Amino acid sequence: MDCSKIGSQATPTHAFNKVLVDDKNGRWWLFIHDPVASHGNDTDQIKSKYIIDGSGVRNAVLDNLGLKEKPNRTGVGIEYEYPIGTNKADHAILFVGSSVLSGYGWVFPTADGKLRVGVGVIHPDTDVSPKKLMLDFLASDDVQRFGLDLSGEYEVNAGTLPSVSYDPELVFGNVIRVGDSANFATPTVGEGIRICMDHGEALGRALGETIRTNDPAPLKRYEADCKKTLARNYHFGFLANKRFSLYSSKDWDKSIRRISHLSESELVALLRSEFTAKMILKATYKMLKQKLLRSS
Ligand SMILES: Cc1cc2nc3c(=O)[nH]c(=O)nc-3n(C[C@H](O)[C@H](O)[C@H](O)COP(=O)(O)OP(=O)(O)OC[C@H]3O[C@@H](n4cnc5c(N)ncnc54)[C@H](O)[C@@H]3O)c2cc1C
């Protein structure tokens, strides 16, 4: 949750559990429950004119106020972070197919000398636990086949992000959403950090301007700019996401053959959910062709 507008009392150790609106003064109230400071008993109240929902997949503020429900389809992932060891620091691997149906796996080096190995799947398209997939992967021949050195102490990160169609509504009067609460991670591979930070910064500037001028227009511009940057690409990315999630190993074999014909920049664009008109035309043509073949 972004606490910048609700006062310096609120820190990341505060978990809020209630949002109320005070209609008379047009102000919002948050009841902050701080399990660390209060040993689970006390609540603080914080009054604010604006609230940013940055609570990630939980959509905590919007859900609490009945403005938007939590996403009913999510990407659930787990990753293990190893020392880079003898692994190549300039190589990344994405793997799909039988070991991670309805999802994908990844191996990539980090800027601080580590190697992240992870898997993610889409719930409820599958009910398989990513932890089980990860343990199966680690015990499989794939580790050797990919030439991975997974030795040394490792850390585990796990998390969830929305996997639903992009909804451009971001501003609800004085409540605004950003980040995973606004479904900003790419629908193809769930890359969210860069996009959430960029749009978070843009929202900060817009809200500052709105507060300074007492004019809601900058917030509306934030909403319109996000729609302009993301809506079209995320629409097509989400269509791809839904198709991939139902792919069998055979479908993946065919798809990988097609992907191998993409140029480097087209592949990067696909991973970033950035679709050119040519890519959209190609995909539409392929879909129509399949439909025609099925109906003949
Ligand atoms: C396993 C996994 C791996 C990923 N890897 C990458 C990657 O390599 N690169 C990349 O770009 N993206 C990656 N992503 C996506 C990326 O992590 C997210 O898109 C990004 O973190 C979203 O940021 P956010 O601040 O909107 O939400 P979050 O990072 O989810 O932060 C939301 C915060 O709000 C807090 N919160 C929730 N409810 C309340 C409440 N009631 N009161 C107070 N606080 C609350 C949460 O505890 C959390 O700290 C990954 C996601 C997963 C699940």
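Two strands pair if DSSP finds at least two bridges between them. Helices (H or I, at least four residues) and strands (E, at least two) are DSSP runs, numbered from the N terminus. Residues are numbered from 1 along each chain as its sequence is written. This is a predicted model, in which local features need pLDDT of at least 70 and side-chain atom pairs count only at pLDDT 80 or more, while totals for chains, interfaces and linings use all residues.

**Whole chain**

Show the protein as a cartoon. There are 8 helices and 11 strands. Of its 296 residues, 29% count as buried. A residue is buried if 20 or more other C-beta atoms lie within 10 Å of its own, exposed if 12 or fewer, and partly exposed in between, with C-beta atoms placed from the backbone. Contacts here are pairs of residues whose C-beta atoms, placed from the backbone, lie within 7 Å. Among contacts between residues at least 6 apart in sequence, 59% join residues at least 24 apart.

**Strands β5 to β8**

Select Y104 in the viewer. Opposite Y104 stands G120 in β8. The strands β7 and β8 run antiparallel and are joined by 7 bridges. Further along, P109 has L115 in β8 as its bridge partner. The two strands form a hairpin with 4 residues between them, and G113 in the turn has a positive phi of about 70°.

Next, select residues 93–95, which are strand β6. β6 pairs with β7 (residues 103–109) in the antiparallel sense over 3 bridges. Here F95 stands opposite G105 in β7. In the loop between β6 and β7 is S102. S102 has a positive phi of about 60° although it is not a glycine. With 19 other C-beta atoms within 10 Å, S102 is partly exposed.

Now colour β5 and β8. They run antiparallel, joined by 10 bridges. Y82 stands opposite L115 in β8. Because 7 of the 10 residues of β8 are buried, β8 is largely enclosed by the rest of the structure.

Follow the chain past β8 to P124, in the loop between β8 and α2 (130–138). A cis peptide bond joins H123 and P124, with omega of about 10°.

**Around the ligand**

Centre the view on the ligand. 26 residues surround it, counted where the C-beta atom, placed from the backbone, lies within 6 Å. The closest are G56, G77, G159, G179 and G192. Elements that give two or more residues to this shell are β1 (15–22), β5 (74–83), β8 (114–123), β9 (155–162) and α4 (193–213). β9 gives the most, with 5 residues. By class, the shell has 9 nonpolar, 12 polar and 5 charged residues. Ala, Val, Leu, Ile, Met, Phe, Trp, Tyr, Cys and Pro count as nonpolar, Asp, Glu, Lys and Arg as charged, and the others, Gly among them, as polar.

Colour by domain, with bounds that come from an automatic or database domain assignment. Domain 1 (15–71 + 169–237) and domain 2 (74–162) both give residues to the shell, so the ligand lies between them.

**The three-strand sheet**

Select β4, β11 and β10. They form an open sheet of 3 strands in the order β4-β11-β10, with mixed pairing. β4 and β10 (171–172) are the edge strands, each pairing on one side only. β10 and β11 run antiparallel and are joined by 2 bridges. V171 stands opposite I176 in β11.

**Nonpolar cores**

Keep I176 selected and add I51 and L203. Of the 31 residues in the largest nonpolar core, these three touch the most other members. A nonpolar core is a set of buried Ala, Val, Leu, Ile, Met, Phe, Trp, Tyr and Cys residues joined through C-beta atoms within 7 Å. α5 gives the most to this core, with 6 residues. Apart from it lies another core, of 12 residues, among them V96, V119, L133 and M134.

**Two loop residues**

Go to A185, in the loop between β11 and α4. Is A185 buried or exposed? A185 is buried, with 24 other C-beta atoms within 10 Å. Not counting residues up to four places away in sequence, A185 touches L161, D180, G190, E191, G192 and I195. A185 and I195 are 10 residues apart in sequence and 6.7 Å apart in space, C-alpha to C-alpha.

Finish at S273, in the loop between α7 (264–271) and α8 (277–295). S273 has a positive phi of about 55° although it is not a glycine. S273 is buried, with 25 other C-beta atoms within 10 Å.

Methods:
Contact = placed C-beta atoms within 7 Å.
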